[in-house]
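Ready for some practice in reading a protein structure? Work through the exercises below one by one, and try each task yourself before you read its solution.

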Amino acid sequence: MYNSKIVGLGYYVPENVVTNDDLSKVMETSDEWIQERTGIKERRHVTKDDGNSTTSMGVKAAKIAIERAGIDKDDIDFIVFATLSPDYYFPGPGVLVQRDLGIKTVGALDVRNQCSGFVYAVSVADQYIKSGMYKNILVIGSEIHSKGLDMTTRGRGVSVIFGDGAGAAVLTREEDNSKGILSTHLHSEGEHAEELSLIAPGMGSRWVNEIIADNNPDDESYLPHMNGQFVFKNAVVRFSEVIMEGLAANNLPPTAIDMLIPHQANLRISQFIQKKFSLSNDQVFNNIMNYGNTTAASIPIALTEAWEQEKMKEGDLVVLAAFGSGFTWGSVIIRW
């Protein structure tokens, strides 16, 4: 059985920077209020005419990752695309990436696990490579939140948090089982699914024709909902549990962690986990202050920036961990 390893990383974010002060001009909020609760200073939003889509941003990130991997696009055997904000209700963006990159007719899979989407996608890719079915897999996380946010005081509890962007990784076969991805760990707790959700449109709730027919300006079913305090309390518990689970599976103590890259949900969550595991600032990588929460894109963007800044060296133990809507959560344990 093979291991899989990450051999190429890339990310892309829109050029349009939206600061907390910018948001304070369209809703009742302030830089101080947002930073105190989330740690976010600014985020990137697409603009109407910039040509960005969830797929196109994923393609831009993927091109960088493929080039850095030192392979040709036609060496890609499979595509896994994680997002909660696809360009179309269907088909998903995986096939659009295959088309836009001009890759031969390989399989393309979409993962809908929101904030833990990239962790789930990496786990899927890892299993395909471990089994020997595929050699090189392109994994993408990409999101456009800004088009679906309520940019008024009513929606500020959610809207100030999220940003747009994409990240990508190329995974390949590694014959040395002491290197690369050592294990992945995935969980879900669907009883809390509605605590962080977007209900409509949906076949089981309210579909487009009903929303249009009602034409109700107070209808919030198609806007994201988050029970912030409940999500926070669950996140800090599940983050800790799934990191410990991954370490235990590999007979490693918390002191073995060289770099933790958490999903960039809230800087306060990351700081809580950092303190719990007694990690230094150099052992945890955060960039939420610059990009906000980019959901499935947050870990690959952060992982790429950490790699670009030479935060990891060969042999380091790198831990990826995420928690989010669903509720779903997971971790990836990597020997870099």
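A residue counts as buried when its relative accessible area is under 20%, and as exposed when that area is over 50%. Keep these cut-offs at hand, and remember that the model is predicted.

**Exercise 1. Two residues with positive phi**

Task: Decide whether Gln114 is buried or exposed, and do likewise for Asn251.

Solution.
- Step 1: Find Gln114 in the loop between β5 and α5. Its phi is near 50°, which is positive although the residue is not glycine.
- Step 2: Gln114 has a relative accessible area of 15%. The cut-off for buried is under 20%, so Gln114 is buried.
- Step 3: Now go to the loop between α8 and β11, where Asn251 is found. Asn251 is another residue other than glycine with a positive phi, here near 55°.
- Step 4: The relative accessibility of Asn251 is 72%, so this residue counts as exposed.

**Exercise 2. A serine in a loop**

Task: Which residues does Ser116 touch, leaving aside those up to four places away in sequence?

Solution.
- Step 1: Locate Ser116 in the loop between β5 and α5 (117-131).
- Step 2: Check its accessibility: the value is 0%, so Ser116 counts as buried.
- Step 3: Look for its contacts. Ser116 touches Ala322, Thr328 and Trp329.

**Exercise 3. The surroundings of β13**

Task: Which strands pair with β13 in the antiparallel sense, and how many of the residues of β13 are buried?

Solution.
- Step 1: Start with β8 (residues 180-188), which runs antiparallel to β13 and is joined to it by eight bridges. Here Ser188 stands opposite Thr328.
- Step 2: Turn to β12 (residues 317-324), which also pairs with β13 in the antiparallel sense over eight bridges. In this pairing, Val318 has Ile334 as its bridge partner.
- Step 3: Follow the chain from β12 to β13. The two strands form a hairpin with three residues between them, and Gly326 in the turn has a positive phi of about 145°.
- Step 4: Count the covered residues of β13 (residues 328-335): seven of its eight residues are buried.

**Exercise 4. An open sheet and its helices**

Task: In what order do the five strands of the open sheet lie, and which strands are at its edges?

Solution.
- Step 1: Read across the sheet: the order is β1-β7-β6-β4-β5, and the pairing is mixed.
- Step 2: Look for strands that pair on one side only. These are the edge strands, β1 (3-12) and β5 (107-111).
- Step 3: Compare neighbouring directions. On average, neighbouring strands of this sheet are turned by 20° against each other, direction ignored.
- Step 4: Zoom in on β6 (residues 136-143) and β7 (residues 165-174), which run antiparallel and are joined by eight bridges. As an example from this pair, Asn136 stands opposite Thr172 in β7.
- Step 5: Add the helices. Helix α3 (residues 54-69) lies across β1, β4 (78-82), β6 and β7, and runs at about 125° to β1. Helix α11 (residues 298-308) also packs on the sheet, where it touches β1, β6 and β7, and its direction makes about 95° with that of β1.

**Exercise 5. Two helices that pack**

Task: How are α8 and α9 oriented to each other, and what kinds of residues make their contact?

Solution.
- Step 1: Note the geometry. Helix α8 (residues 228-249) and helix α9 (residues 267-276) pack at an angle of about 40°, with their axes 10 Å apart.
- Step 2: Name the orientation: α8 and α9 are therefore oblique to each other. Their crossing is right-handed.
- Step 3: List the contact. From α8 come Phe232, Ala235, Val236, Phe239, Ser240 and Ile243, and from α9 come Arg268, Ile269, Phe272, Ile273 and Lys276.
- Step 4: Sort these residues by kind: eight are nonpolar, one is polar and two are charged.

**Exercise 6. Cis peptide bonds**

Task: Where are Pro91 and Pro201, and which residue does a cis peptide bond join to each?

Solution.
- Step 1: Pro91 is in the loop between β4 and α4 (93-101). A cis peptide bond joins Phe90 to Pro91, with omega about 0°.
- Step 2: Pro201 is in the loop between β9 (196-197) and α7 (208-214). The peptide bond from Ala200 to Pro201 is cis, and omega is near 0°.

Notes
Residues are numbered from 1 along each chain as its sequence is written. This is a predicted model: local features need pLDDT of at least 70, side-chain atom pairs count only at pLDDT 80 or more; totals for chains, interfaces and linings use all residues. Side-chain values use heavy atoms; hydrogens and water are left out. Axes are lines fitted to C-alpha atoms, for helices over the stretch in contact, and angles run from 0 to 180 degrees between N-to-C directions. Helices (H or I, at least four residues) and strands (E, at least two) are DSSP runs, numbered from the N terminus. Angles under 35 degrees count as roughly parallel, over 145 as roughly antiparallel, 65 to 115 as roughly perpendicular and the rest as oblique. A crossing is left-handed if the near helix is turned anticlockwise from the far one by less than a right angle, and right-handed if clockwise. Contact means heavy atoms within 4.5 Å. Ala, Val, Leu, Ile, Met, Phe, Trp, Tyr, Cys and Pro count as nonpolar, Asp, Glu, Lys and Arg as charged, and the others, Gly among them, as polar. Two strands pair if DSSP finds at least two bridges between them. Buried means under 20% relative accessible area, exposed over 50%, partly exposed in between (1.4 Å probe, protein chains only).
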